[in-house]
Amino acid sequence: MLQTEKRGERMFEQFKLPYGNDGLEPVIDALTVETHHGKHHLNYTNTLNTLAEKAGVQDMEITELLTNLDRIEDETLRTGIRNNGGGFYNHNLYFMTIGGENKGGKPQGKLAEKIDAAFGSFDEFKEKISALAIGQFGSGWAWLSVTPSGELVLSATANQDNPISLGTGNTPIFTIDVWEHAYYLKYKNLRADYVKAFFDIVNWNEVGRLYEEATK
Ligand code: MN3
């Protein structure tokens, strides 16, 4: 999976946008993408690389690292890697599963069937994950994940935690960032408007690919 790949030079690599900063307009404005990917996400990545080297865990895959945070004895390093490793992983998944020529629309194929089976319909899935995203108090994320037995589950997490760092054993395949830096320049306090518009930029082909990879 791309967000767990590394690195050649013992580095965690930030996902490079396959679209320009204006590639998510009008749902997400270019300045937000420039700041979000070019500053926030870059900073999480650089800080993770610095801390991982200090802790001697720079050769671990990111999912392995987030699953085994308790192996890092130094509490300051452990907290820093939890936050910045989460920020690195979460944003790689986020930017990977939005944008592109076929953005918007609906899931296809096996993922579409599974969403219907798990949540009743695509519209009901959207309602449920939107409610989690909108209801997350403060900064955080809403998630669609695959359990080890191949079921789809929804959740929300605070800060940069995710289903991996929380030890659920589930594999995230889609996420909505509800930190204010993801939407505040355009939507201000109206998080619900951002979440509603967000579905117009989801790359369901990519989410479907991640679903098939997680259920192989
Ligand atoms: Mn963010």
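What follows walks through the overall fold, the manganese site and a handful of individual residues.

The model is a predicted one, so local features are taken at pLDDT of at least 70 and side-chain atom pairs at pLDDT 80 or more, while totals for chains, interfaces and linings use all residues. Residues are numbered from 1 along each chain as its sequence is written, and side-chain values use heavy atoms, with hydrogens and water left out.

Starting with the overall picture, the protein chain has eight helices and three strands. Here helices (H or I, at least four residues) and strands (E, at least two) are DSSP runs, numbered from the N terminus. Their order along the sequence is α-α-α-α-α-β-β-β-α-α-α. For 216 residues, a compact globule would have a radius of gyration near 17 Å, and the protein chain agrees, with 17 Å. That radius is taken over C-alpha atoms, and the globule rule is 2.2 Å times the number of residues to the power 0.38. The C-alpha trace spans about 45 × 40 × 35 Å along its principal axes.

Of the 216 residues, 50% are buried. Buried means under 20% relative accessible area, exposed over 50%, and partly exposed in between (1.4 Å probe, protein chains only). Turning to contacts (heavy atoms within 4.5 Å), residues 24 or more positions apart supply 70% of those with a separation of 6 or more. The protein chain exposes about 10300 Å², with carbon and sulfur atoms supplying 48% of that area; the areas come from the Shrake-Rupley method with a 1.4 Å probe, and for residues only the protein chains shown count as cover.

Now for the metal. The manganese ion takes its protein donors from His 36 (NE2), His 91 (NE2), Asp 177 (OD) and His 181 (NE2), which lie 2.0 to 2.1 Å from the ion. Donors are N, O and S atoms within 2.8 Å of the metal (3.2 Å for Na, K and Ca); water is not among the atoms, so sites may look incomplete. Along the sequence, the donor residues follow the spacing H-x54-H-x85-D-x3-H. Distant parts of the chain are linked by the pair His 91 and His 181, 90 residues apart: His 91 is in helix α3 (residues 75-96), and His 181 is in the loop between β3 (171-177) and α6 (184-187). His 91 counts as buried because its relative accessibility is 0%. His 181 is buried too, with a relative accessible area of 18%.

Several other spots show how the helices pack. In helix α2 (residues 62-67) sits Leu 65, which is buried at a relative accessible area of 1%. Not counting residues up to four places away in sequence, Leu 65 touches Phe 12, Leu 48, Val 57, Met 60, Ile 72 and Ile 81. The C-alpha atoms of Leu 65 and Arg 82 are 8.9 Å apart, with their positions 17 residues apart along the chain.

Ala 133 belongs to helix α5 (residues 122-135) and counts as buried, given its 0% relative accessibility. With residues up to four places away set aside, its contacts are Ala 142, Ile 176, Val 178, Arg 191 and Val 195. Ala 133 and Trp 179 are 46 residues apart in sequence, and their C-alpha atoms are 10.0 Å apart in space.

Toward the end of the sequence, helix α8 (residues 204-214) has Trp 204, Glu 206, Val 207, Gly 208, Leu 210 and Tyr 211 as its buried residues. These pack against α3, α4 (109-119), α5, β1 (140-146), β2 (152-158) and β3.

A few backbone oddities round things off. Most residues other than glycine have a negative phi, and most peptide bonds are trans. Glu 25 and Pro 26, however, are joined by a cis peptide bond, with omega about 0 degrees, and Pro 26 lies in the segment before α1 (30-55). Asn 159 has a positive phi, near 55 degrees; this residue is in the loop between β2 and β3 and is partly exposed at 43% relative accessible area. Lys 188 also has a positive phi, near 50 degrees. Lys 188 lies in the loop between α6 and α7 (191-198) and, at 42% relative accessibility, counts as partly exposed.
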